[in-house]
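Open the model in your viewer and keep the selection panel at hand. We will go from stop to stop, with a selection to make at each one and a short account of what is there.

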Amino acid sequence: MTAHAPVLIVVIPLAIAVLVPLVSLRSDQWARSLVLLALLGAMTCAAIALAQTLSTGPWHYHLGGWEPPWGIEYVLDPLSSGMALLISAVAILVAIYAGPHLSGWAASRSGLFSSLFLLLNTGLLGIVVTGDFFNLYVFLEISSLAAYALLASGTIQATVATFRYLIIGTIAATFYLLGVGYLYALTGTLNMADVAARLPAVADSSPFVVAVIFIAVGLSIKAALFPMHGWLPDAYAYAPPTVIGFISAVMSKVSIYALFRVLYFILHPAEIVGQTLTVLSWAAAIAILAGSLLAVAQRDIRRMLAYSSVGQMGYIMLGLALGTRTALIGALLHMLNHSIMKGCLFLAAGGIQWRTGSCNLDDFAGISRRMPFTMAAIVVAAISMIGLPPTAGFFSKWYLVTGAIQVHAWVFVAVLIGSSLLSAVYFFRVVEWAYLREPERDATPAIERQDLPVQMLIPILLLATSILLLGLFNQTVISRVIQYALPQEGF
Amino acid sequence: MLTAIVVGVSTTGVALALLIRIYRYYGTLEEPELLQRMQE
């Protein structure tokens with residue numbers, strides 16, 4: 001079994017996704033356990049793969065026994081197996097959290113919801129483990145289609161927002177596909193390692209420049225980098241909370257992962273890649289400022305978190321674009337941290353909306369007494385988002401700022417620190433409303449203490465705890481995993 | 001090539017399903033009208 005772990009990461013969720021709608025017609029309980037089992041299986045395989053690659057180096061798996069340049073290859077190195085582990089772990093927590101949310105639904109509908117959720121996982125895990133450009137496109141579309149359907153399952157506004165996202169997302173995927181088309185025309189291969197080997201002969205040609213730019217633009221739209229983020233706030237604000245907890249936590253990270261993989265591991269020696277990275281670094285700096293400023297202007301908590309995500313994606317992108325060892329460590333650590341922090345914040349905010357029916361800041365007055373545990377988790381995650389020690393957010397920002405100082409990019413240092421101050425503004429405002437404001441007596445009748453059901457509370461609290469643990473043990477994470485996940489040559 | 005066509009068809013399918021849902025609720029697909037009705 002362990003010999004096939006790389007492909008099982010993708011196959012298990014895919015196979016169960018087909019089964020779940022049928023099983024849920026018979027028993028909802030079984031269907032839900034099946035979803036959890038599938039995700040647990042994927043997580044186990046990812047953990048096996050991570051342990052294996054850390055001890056023996058990258059693990060190449062040839063699908064159907066076909067040799068790489070012809071067949072599809074899955075490559076598991078510490079970066080991809082680490083991402084797969086993160087995705088499946090967050091997915092398990094979200095699947096547990098989804099229980100009470102789905103319990104009011106008809107069996108056929110909740111079965112389809114679980115099935116789509118597993119398909120979304122299949123797509124994301126596939127993007128992470130594949131070593132083939134076209135296979136990556138297919139998984140990108142699998143994850144996107146599942147995400148469109150899941151996002152649209154909210155209110156009618158969510159459907160309109162999703163339609164916009166669908167148009168933009170399809171354009172993004174087409175950009176990527178065209179870029180891959182150019183690469184294929186130049187090198188005659190779709191295998192990533194093979195493209196890298198044939199690169200020196202074509203690196204100066206103008207079609208190659210077009211290919212790099214198309215791929216970078218396509219994946220940046222998917223990752224909602226600033227000028228291309230238009231689809232994100234509406235989609236995040238109206239979608240069902242379960243979905244958004246997962247999508248905001250991992251989906252945009254996966255696009256950045258793909259960009260990182262393509263630019264640093266495959267096409268890196270080419271000159272145009274360096275120029276693309278410079279452009280991306282300025283786009284990222286603008287994203288950080290714009291995201292934070294727009295977040296300050298929002299009254300709706302989920303919209304505020306959405307704009308804050310735009311800013312935080314800028315942090316990760318800036319670290320990647322700076323490209324020094326410290327900055328890359330910061331970017332990867334921030335990818336991990338932000339998944340956990342934003343997952344925690346969105347799940348908690350979604351829980352509050354589920355309980356009180358509102359996500360508006362004005363209705364947050366006195367919420368800390370009504371839902372103490374949920375609010376405590378929000379406070380921990382908020383402190384981490386601002387970047388105060390000893391939470392996880394401090395350390396990744398520390399690496400990012402140090403990385404920027406090393407290359408004397410003082411503008412970026414100022415941007416990173418300034419945006420931390422802005423995030424302090426909008427997160428402390430939430431804390432102030434929740435803890436210090438008294439609810440208006442006549443507006444809200446009796447407020448009794450009534451936190452979320454245990455099923456929803458446990459994932460939120462687990463995420464909040466891991467923010468603290470990641471902060472305390474960040475050195476271990478870096479020295480055991482992240483430093484091996486960096487591209488090895490030239491760093 | 002073939003895969004890209006399959007992906008294109010399924011994307012169009014999802015898009016049309018979303019449009020049908022929007023049309024059933026708002027009774028229109030004209031963008032200015034739609035945005036106006038969403039404001040209300």
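Start at the interface of chain A and chain B, where the count of salt bridges is zero. Polar contacts do occur between chain A and chain B: two residue pairs are joined that way, both at pLDDT 80 or more. Keep in mind throughout that this is a predicted model.

Now select the residues on the side of chain A that touches chain B. Two elements give two or more residues to it, helix H5 (133–152) and helix H6 (156–187) of chain A. Of the elements on this side, H6(A) gives the most, with nine residues. Counting both partners, the contact draws 18 residues from chain A and 16 residues from chain B. Putting chain A and chain B together buries about 1500 Å², and carbon and sulfur atoms supply 83% of that area.

**Next selection: chain B on its own**

Hide chain A for a moment. Which secondary structure elements does chain B have? There are two helices and zero strands. Along its principal axes, the C-alpha atoms of chain B fill a box of roughly 45 × 15 × 10 Å. Chain B has 40 residues, and 20% of them are buried. Its accessible surface is about 3100 Å², with 62% belonging to carbon and sulfur atoms.

Go to the start of chain B and select Met1(B), in the segment before helix H1 (2–26). Is Met1(B) buried or exposed? Met1(B) is exposed, because its relative accessible area is 75%, over the 50% cut-off. Add Leu2(B), Ile5(B) and Val9(B) to the selection, and with Met1(B) you have a nonpolar surface patch of about 490 Å².

**Next selection: Tyr238(A)**

Bring chain A back and pick Tyr238(A), which lies in helix H9 (residues 232–238). Tyr238(A) is partly exposed, with a relative accessible area of 29%. Show what surrounds Tyr238(A): beyond residues up to four places away in sequence, it touches Gly154(A), Thr155(A), Gln157(A), Ala158(A), Ala161(A), Arg302(A) and Arg303(A). With one of these, Arg303(A), the side chain of Tyr238(A) makes a polar contact of 3.5 Å. Try a distance label from Tyr238(A) to Ser153(A) as well: the two are 85 residues apart along the chain, and their C-alpha atoms are separated by 9.7 Å.

**Next selection: Met313(A)**

Move to helix H12 (residues 301–322) of chain A and select Met313(A). With a relative accessible area of 1%, Met313(A) is buried. Leaving out residues up to four places away in sequence, the neighbours that Met313(A) touches are Ala223(A), Ser252(A), Lys253(A), Ile256(A) and His338(A). For another distance label, take Ile417(A): from C-alpha to C-alpha it is 15 Å from Met313(A), with their places 104 residues apart in sequence.

**Next selection: Ser423(A)**

Helix H17 (residues 410–435) of chain A holds Ser423(A). Ser423(A) is buried, at 1% relative accessibility. What lies 2.8 Å from a polar atom of the side chain of Ser423(A)? That is the backbone oxygen of Ser420(A). Outside its neighbours within four places in sequence, Ser423(A) is in contact with Met385(A), Ile386(A) and Lys397(A).

**Last selections: backbone geometry**

Switch to a backbone view for the final stops. Most residues other than glycine have a negative phi, and most peptide bonds are trans.

Select Ala224(A) in the loop between helix H8 (206–222) and H9 of chain A. Ala224(A) is not a glycine, yet its phi is positive, at about 60°. Ala224(A) is buried, with a relative accessible area of 0%.

Then select His408(A), in the loop between H16 and H17 of chain A. His408(A) is also not a glycine and has a positive phi, of about 55°. His408(A) counts as exposed, at 56% relative accessibility.

Finish with Pro389(A) and Pro390(A), joined by a cis peptide bond with omega at about 5°. You will find Pro390(A) in the loop between helix H15 (372–386) and helix H16 (392–406) of chain A.

Key
Residues numbered from 1 in each chain as written. Chains lettered and ligands numbered in written order. Predicted model: local features only at pLDDT ≥ 70, side-chain atom pairs only at ≥ 80, totals over all residues. Heavy atoms only, no water. Patch = residues over 30% accessible without salt bridge, like charges linked within 9 Å, V, L, I, M, F, W, Y side chains within 5 Å. Areas by Shrake-Rupley, 256 points an atom, 1.4 Å probe, with all protein chains shown as cover. Salt bridge = Lys/Arg side-chain N within 4 Å of Asp/Glu carboxyl O. Helix = DSSP H or I, 4+ residues; strand = E, 2+ residues; numbered from the N terminus. Buried < 20%, exposed > 50% of the residue type's maximum accessible area, 1.4 Å probe, protein only. Contact = heavy atoms within 4.5 Å. Buried area = accessible area lost by both parts, 1.4 Å probe. Polar contact = N/O pair within 3.5 Å; in protein donor to acceptor, adjacent residues only side chain to side chain.
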